[in-house]
Amino acid sequence: MNKPVQTHSNNRPIVSNATAQDASFSTGHAAKPRNDSLATSVTYPSSSQKTKSLSNDQIGTDSDAALTRTHSRPGWWKESVVYQIYPRSFQDTNGDGIGDLRGIIQRLDYIHALGADVIWICPVYDSPNDDNGYDIRDYYRIHEEFGTMDDMRELIERAATYGIRIIMDLVANHTSDEHAWFVESRSSLDNDKRDWYIWRPGEQEQPPNNWTSFFGGSAWQYDEATGEYYLHCFSRKQPDLNWENPDVRHALYEMMEWWLDLGIAGFRIDAITVIKKDQQLLSAPYDESKGSVPVGSVCLNRAGITDFLHEMKQQVLAPYEALTVAEAPGVTIADIDGYVDEEHGAFNMIFQFDHVDLDVSMYERAIYKPWQLSRFKQVLSNWQTATAERSWMALYMENHDHVRSVSKFANDAAYRERSAKMLATYYFLMRGTPFIYQGQELGMTNHYFTLIDDYRDLDSIHMYNEQIECGRSEQELLDYLYKRSRDQGRMPMQWDGSAQAGFTSGQPWLQVNPNYTEINVAAQLNDEHSVLYFYRQLVRLRKEHPAFIYGNYKEIYTDSEQIGAYTRTYKQEFWTVWCNFTESTISLPDLMSGERMLGNMDDHDSGTLRPYESVIYRTIQAN
Ligand code: NOJ
């Protein structure tokens, strides 16, 4: 493999005074640009210098009393807090209504003050933007609407001066249909890259089989040039790469190395559980009588996938000690070993989907089912328990594919601030690395769009049109999209009370939530009781007390439909976290004891939880 000249480990960068050479990457689509002229200004400590995490002595070992036992190995990424940026909606600096890399640079102070150590940036690569950047045309270029590769390099360097690492989104299941690989692949049946994608002939002028894509409609697209169909698990402009072909894998690994050499710390790995296709079903003919088969039911986490994942780990991720967090729908607790076992797992951590998808089903399009607190707690707790010994989780309540958590799991009306803090308390102090999605730290909310034309997300628009055709009403579908559309989480970041929330001086690509005059960063910085301040306090609490990182977790009040509560135990420390998910006042005599360490109400009464109240207690046990 043609490995780039300059290699680094991924640990905390030391920024030197060396001036970055100007590297204008006129890559074309096919050629891989050399990276050695780029990585001149960020260097990393040697591996002996790198571990900034707590030592085994600090976190407790098996020789401690039972309460103090922890099986976790220390790791800087376990002690970190990740801030997720959807660049398109974060901060625009050139008035085109689209956020950009310079906007992220401008807001590094803000992210640092929040206490984040890592930033995950959603795709900023060159893309025709069918799926807002998750359809990559060139992995080696920054899309001009986001800036330049120089901006990217500057961002990595400037973030490093704050001790912040950058991870990029790695989209490796598919490319854009405008990627040079696909352009070649579709050009003829005997093109060298034909087998880089998944092509099949049709069956009597119908698609090869009845799979439907995640975004609805057939997962196959007919291509006139060669008279065959290609597979796309997402949109028709996102053809799936054929991971069975080693050349594809190696081209991807090379690209990953190139980015790691640039100085990023790792990847959030998109749709990775889709890469292994069911080879048998791939060739099953179309059978109309069987109805449609969602790709989610046949392409997720197939047997044999871990061979690919482990190869990727061995060839790229491990040598670079890259931080990896994989998007993992379809992965169950039974699969933990292959994915996140401390030694044998392919990744550091995964995003499981159980709690965020309690309100939908893969088989029923656009049907909303109310979620239940006991189930919500149960699925989170099951993951906590299952990963307690040898694995690690990514903790999250929101991201760019989901609605605002205060609107979904709490109360975005009368109790917005209090319940946003309660929800934050609940997930943030579990065992795992917490992720905060831009705006979540303000308690940003959903907004009811009254027209389908206000939506921008291809999935929402496609679903709406498809369901209208099936006879469903406009109102019913707008109600559904209010509760589930990805655009709910993609509205621009609310920086201040000025026009367009301080996000842009132009027209934003997606409307700003009108409540920005009330909910915004500037206002919350002026209010020590704001959701933003509370998040800062939570981050600090987690950093100051290893119990929240390495301590044991145990759920209490398991069956309650009102209270979410758990303990974290560590050495002599016994912590309890209490959250009221309802509008009722609840008495819990006897159980709340110890020192109150943080809560979302200043006038907390011990033994009582008022509506949406949360409180954290600590007891230090005598030897
Ligand atoms: C998951 C990403 O988070 C989502 O935004 C995207 O549409 C799909 N993967 C396809 O890349």
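Student: Why is Cys299 not called disulfide-bonded to Cys233?

Tutor: A disulfide is a pair of cysteine sulfur atoms within 2.5 Å. The sulfur of Cys299 has its closest cysteine sulfur in Cys233, 4.2 Å away, so that is too far for a bond. By this rule the chain's count comes to zero disulfides.

Student: What kind of model is this, and which atoms are used?

Tutor: This is a predicted model, where local features need pLDDT of at least 70, side-chain atom pairs count only at pLDDT 80 or more, and totals for chains, interfaces and linings use all residues. Residues are numbered from 1 along each chain as its sequence is written, and side-chain values use heavy atoms, leaving out hydrogens and water.

Student: What makes Cys299 count as buried or exposed?

Tutor: Buried means under 20% relative accessible area, exposed over 50%, and partly exposed in between (1.4 Å probe, protein chains only). Cys299 has 0%, so Cys299 is buried. Cys122 has 1%, so Cys122 counts as buried too. Buried residues make up 61% of the 623 in the chain.

Student: Why is α8 called roughly parallel to α11?

Tutor: Helix α8 (residues 246-262) and helix α11 (residues 305-320) pack at about 25 degrees, with axes 10 Å apart. Angles under 35 degrees count as roughly parallel, over 145 as roughly antiparallel, 65 to 115 as roughly perpendicular, and the rest as oblique. That makes α8 roughly parallel to α11.

Student: Which residues make the contact?

Tutor: Contact means heavy atoms within 4.5 Å. Among them are Tyr253 and Met256 of α8, and Phe308 and Met312 of α11.

Methods: Axes are lines fitted to C-alpha atoms, for helices over the stretch in contact, and angles run from 0 to 180 degrees between N-to-C directions. Helices (H or I, at least four residues) and strands (E, at least two) are DSSP runs, numbered from the N terminus.
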